[in-house]
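The following exercises concern a structure of two chains that is to be examined alongside its sequence. Please attempt each task before reading its solution.

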Amino acid sequence: MGTDILAIAFIILLTIATSVALGRYMFNVFTGGRTFLDPVLVPLERLVLRLTGVDPNEEQDWKQYSVSLLVSNIVMWLATFAIVSIQQWLPLNPDSIANMEPTLSFNTISSFTTNTNLQHYSGETGLSYFSQMFVISFLQFVTAATGVAACIATIRGLAGSRLAHIGNFYVDLTRATVRVFLPLAVLVSLIVMSQGTPMTFEGAAQATTLEGQAQPIARGVTAGVVSIKQLGTNGGGYFGPNSAHPYENPTPLSNLIETWSITLIPMAMVWTLGYMVGRRRLAIVIFATMLAIYLPMVVFGVAQETRGNPAITTMGVDQSTGSMEGKEVRFGAGLSALWAVTTTVTSNGSVNSMHDSMTPLGGLMPMIGMWLNNIFGGVGVGFINMLIFVIVAVFVAGMMVGRTPEFLGKKVEAKEMKLASLALLWHPLAILVGTAIACYVWATSADPGTALAWLKNPGPHGFSEMLYEFSSSAANNGSGFEGLGDNTPFWNISCGLVMLLSRYIPIIAPLALAGVLGAKPAAPETAGSLRADSVTFGFTLWAVIVILGLLMFMPVAVLGPIAEHLALR
Amino acid sequence: MLTEIRRAILFTLVTMVLLGGVYNVGLWGIGRVVFSSQAEGSLIHRPDGTIVGSRLIAQKFTRPEYFQPRPSGVDYNAASTGGTNYGPSNPDHLKAVRERLDAIETQEGVRAGAVPSEMVTASGGGLDPHIPPRAAELQAARVARARNVSVDRVLELIRAHTEGPTFGFLGRARVNVLELNLALDEQFGQTGAGRPSRAGGSAGLKPRAGSGDSHD
C-alpha cells in the first residue's frame, strides 16, 4: 500500500511535469512556431498536404471548417467499414478471421471514427492484421487528430477578436497527426515493445505446454496499436482484455508509460490554451480545478479497491492486497484503480483491469468520470467540454454578481448560452434515455435472462452494466462493464447511434460557438470585468461542474452501484 | 462540395498508407532488429525448436509437481482471452471463489487465512503469468512432496525467481509461474510431457487430477 501511494504520486507528477513541455510544443506546432522536430516532420506535413491537394494558406470560417471535418470523417467511415466487411479476402490474415457482421461493423466503425473505441468484438478473434493496421491504427491517429483540430479551432475563436476565420481543418488535422501523435506513438511503441509487446506478422504461436497440451497464443502487430490507443484517448485494445492482457501491458514499466500516455496530451491541451490566449493564470486555474476533481476520485477509487470485496473477506481469505478479481498481479489493486479513474475522466477507455469486477463504489468512479466527461477529457474534445462548462460558469457567476457575463473580453449572450446548453444537455439525455429504453426492453421481454441474455450479473449490478454501456458510448469513452452481452443488434445499433451523435454534436456546437465569439470584438478588461483567472472563479467552476455535471446522475447511481454497495457484505 | 469530397478521399488514402502501413511496418522492422524476442511474443523454445509457451502468457498446470497459476476466466485460452466479468456481489462469482478456496485448502492442507486472494480470483486477461510470492510459498510443500525433494530447496528456487517491484516501488512483487516450473524441471529432473511414463519416483504414483493421463 505504501509503495502504491508512492507509485501513484510519481505517475501523476511525471505526467503533469511533462505535459507543460508538450503544451508549449503543441502551441508552437499550431501557431507556426519552431520546434526541434521540424527538420524531420515539417517535410512530412508538407508532403501529406500536397498529396491531399490542400493549400496550407487557405483559411476557413467555422462552417467551412465543420464541413471539412464532417466530410473527411464520413469518407473515413465508409472506407474502413468496407475493409472490415471484406477482411477475410484481404491479405495479412494468417489466423483466417471472417468478415465482420453488418450491425457489428456499424458499431465498430462508428465507435472508432468517433474516437470512442467501444468494442463489441474481441481483437484476437474479430479482426485480421490488415484491419488492425489500416482500420484500427489508422483511425486511432486521425480521429484523435480530429479532436485536437476542433479544440485548437475553438480556442482560436475564443482568443481572437473580430475573426472571420478559425484556421484550416486539414492543416490542423495534418499537424496534429504528423507532428504531435506520430512521434509520441513511435516513442511509446518502442518502449512497450522493449517490455514484451509483440510486433509480428506471424499468426498465432502454436505452443505445447509443459503438461503436453496444445496452446495457440494469439499475437500480431500489437505495439503499434497499443501506443496510439493510449495517446489518442482511443482506448480500443488489440486484444479483448485490452491492457490487462500481458502482451498489451507486460510490466509495471509499460504500465507506467501507458498510464502516462492516457493523460499526457489532454493535460497538455490546457497549457496550450494558456499560451494561445496569452494567459498562463487561466490555464493554471482550469488545470487546478480539474485536479481538484481528479485527485479525490483517484484517492477514493484506490481506497475502495485496496480494501477488497467484503463478501470475499468474510470467507477468511487473505485479501490484504485488495480486490483482485479481474486484476493482474504485476499491477496490484492500487495501480489498477488509478488506471480505471484516469481512463474514464479522460475519454480513453482502455483498461488494465476488468471494471465489471471492481467493488461497487470503486466501479462508480469510472462512471462519474464518464458522466463529467470534461476532466482533462478526450484529446481535444474533452477539453472543449471543459470550455463549455467554463462559459456556463462565467454566465452563472455573472448572473450571481449582477455583472455582464464575459469571457476573455467577449460578452456571453443568449446565442452562446443556447449553443453551450445544447452541447451540455445532450450528454445526460443520451445516457439516461438510452438506459431507460434498455431497461424497458428488458423489463417487457418474456424471460429476458435467456431470451436476451444481456446481463451476466443479476440485481443492481446488471442495471449498472446497461448504464455503463450508454455512459461509455455517450462519453466516447469505450470502456465497458464487459459482462454485458453487447454484440446483439440492439446494443450494436443503439450504441452506434449514441456514439455518432455524442461525437458530432459536442464538436460542431462549440465550433459554432467559437465562430460567434470569435467574430465579436474583444473589449479591454476593466475593474468591472469578471476575472476568469482567479481562485474564486476556480471554486465557482468546480461547483458548477459537480452540481450540473453530477446531480442529474444521482438517481441512477443510487439504483446501480450504491444499491449494490449497501447490499454487499 | 466536390473539392471537399476529393480532399477527404485523398487525405484518407494518404494517411491510411502512412499510419496503417509505413508506421506499422517501420515499427515491425525496428522490432525485428532491436527486440527480436519480445516482438515475436517472448516465446520459450525447447531444444528441438518446438514452443513451450510464452513467458508472458499463463498456461494451465494441474499436476502436483508443478506450481499452479491464478484461476482463468477463459481456461488459459490464449487465442480467445478475457476476464470473468463477474460483479462483486454475483452469487455465481462468490460460489466460484468458495469452490477454489475449498480446493486449495484440501490440496495444500492449509486454512483459508493462508490463501492469498489472488489464488481464488480470476485475472483480468485470464492469462496472468504471475502469482505473488506468498502464493508460491503456499504451494511449495506440495510440490516438494510430489518431487521428493526438500521444501527448503523449493523455497530457495522461489526466492531466486521472485521479481521485486520495478525500481522498488512500481507494481507488485511476483513470481513467473512458467519460468519457475521450467526451473523445477531443470533442477530436479523433468516430469512433464516429454518424460517416458515409466520413470520412477513417488511423484509418478500420485493421481494427476485433470491431466488427461490414463492410469493403468
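The model is predicted, and the exercises below treat a hairpin, a sheet, a chain, a core and an interface in turn.

**Exercise 1. The hairpin of chain A**

Determine how strand 1 and strand 2 of chain A are joined, and which of their side chains are buried.

Solution.

1. Begin with the pairing. Strand 1 (residues 205–208) of chain A and strand 2 (residues 214–217) of chain A run antiparallel and are joined by 4 bridges.
2. Fix the register. A:Ala205 stands opposite A:Ile217, and A:Thr208 stands opposite A:Ala214.
3. Inspect the connection. The hairpin has 5 residues between the strands, and A:Gly212 takes a positive phi near 85°.
4. Recall the general pattern: in a regular strand, side chains alternate between the two faces of the sheet.
5. Apply the pattern to strand 1 of chain A. A:Ala205 and A:Ala207 point to one face and are buried, whereas A:Gln206 and A:Thr208 point to the other and are not buried.
6. Repeat for strand 2 of chain A. Here A:Gln215 and A:Ile217 are buried and point to one face, while A:Ala214 and A:Pro216 point to the other and are not buried.
7. Combine register and burial. The opposed residues A:Ala205 and A:Ile217 are both buried, A:Ala205 in strand 1 and A:Ile217 in strand 2.

**Exercise 2. A sheet in chain B**

Establish the strand order of the open sheet of 3 strands in chain B and identify its edges.

Solution.

1. The order is 3-5-4, with antiparallel pairing.
2. Strand 3 (130–131) and strand 4 (162–163) of chain B pair on one side only and are the edge strands.
3. Strand 4 of chain B pairs with strand 5 (residues 174–176) of chain B over 2 bridges, in the antiparallel sense.
4. Within this pair, B:Thr162 stands opposite B:Val175.

**Exercise 3. The organisation of chain B**

Describe the secondary structure, the domains and the contacts of chain B.

Solution.

1. Chain B contains 6 helices and 5 strands, which follow one another as α-α-β-β-α-β-α-α-β-β-α along the sequence.
2. Its division gives domain 1 (1–40) and domain 2 (46–192), whose C-alpha centres lie 40 Å apart.
3. Of the 216 residues in chain B, 45% are buried.
4. Among contacts between residues at least 6 apart in sequence, 56% join residues at least 24 apart.

**Exercise 4. The largest nonpolar core**

Which residues touch the most other members of the largest nonpolar core, and which helix gives the largest share of this core?

Solution.

1. The core has 227 residues, and A:Phe181, A:Val390 and A:Ile391 touch the most other members.
2. Helix 6 (residues 129–159) of chain A supplies the largest share, 21 residues.
3. Each of domain 1 and domain 2 of chain B also contributes at least three residues to this core.
4. Consider A:Val390 individually. Apart from neighbours within four places in sequence, A:Val390 is in contact with A:Ile286, A:Phe407, A:Ala532 and A:Leu541.

**Exercise 5. The interface**

Characterise the side of chain A that touches chain B.

Solution.

1. Count the partners: 103 residues of chain A are in contact with 90 residues of chain B.
2. Locate the largest share on the chain A side: 7 residues come from helix 3 (residues 62–85) of chain A.
3. Sort that side by class: 52 residues are nonpolar, 38 are polar and 13 are charged.

Notes:
Residues are numbered from 1 along each chain as its sequence is written. Chains are lettered from A and ligands numbered from 1 in the order in which they are written. This is a predicted model: local features need pLDDT of at least 70, side-chain atom pairs count only at pLDDT 80 or more; totals for chains, interfaces and linings use all residues. Domain bounds come from an automatic or database domain assignment. Two residues are in contact if their C-beta atoms, placed from the backbone, lie within 7 Å. Ala, Val, Leu, Ile, Met, Phe, Trp, Tyr, Cys and Pro count as nonpolar, Asp, Glu, Lys and Arg as charged, and the others, Gly among them, as polar. Two strands pair if DSSP finds at least two bridges between them. A residue is buried if 20 or more other C-beta atoms lie within 10 Å of its own, exposed if 12 or fewer, and partly exposed in between; C-beta atoms are placed from the backbone. A nonpolar core is a set of buried Ala, Val, Leu, Ile, Met, Phe, Trp, Tyr and Cys residues joined through C-beta atoms within 7 Å.
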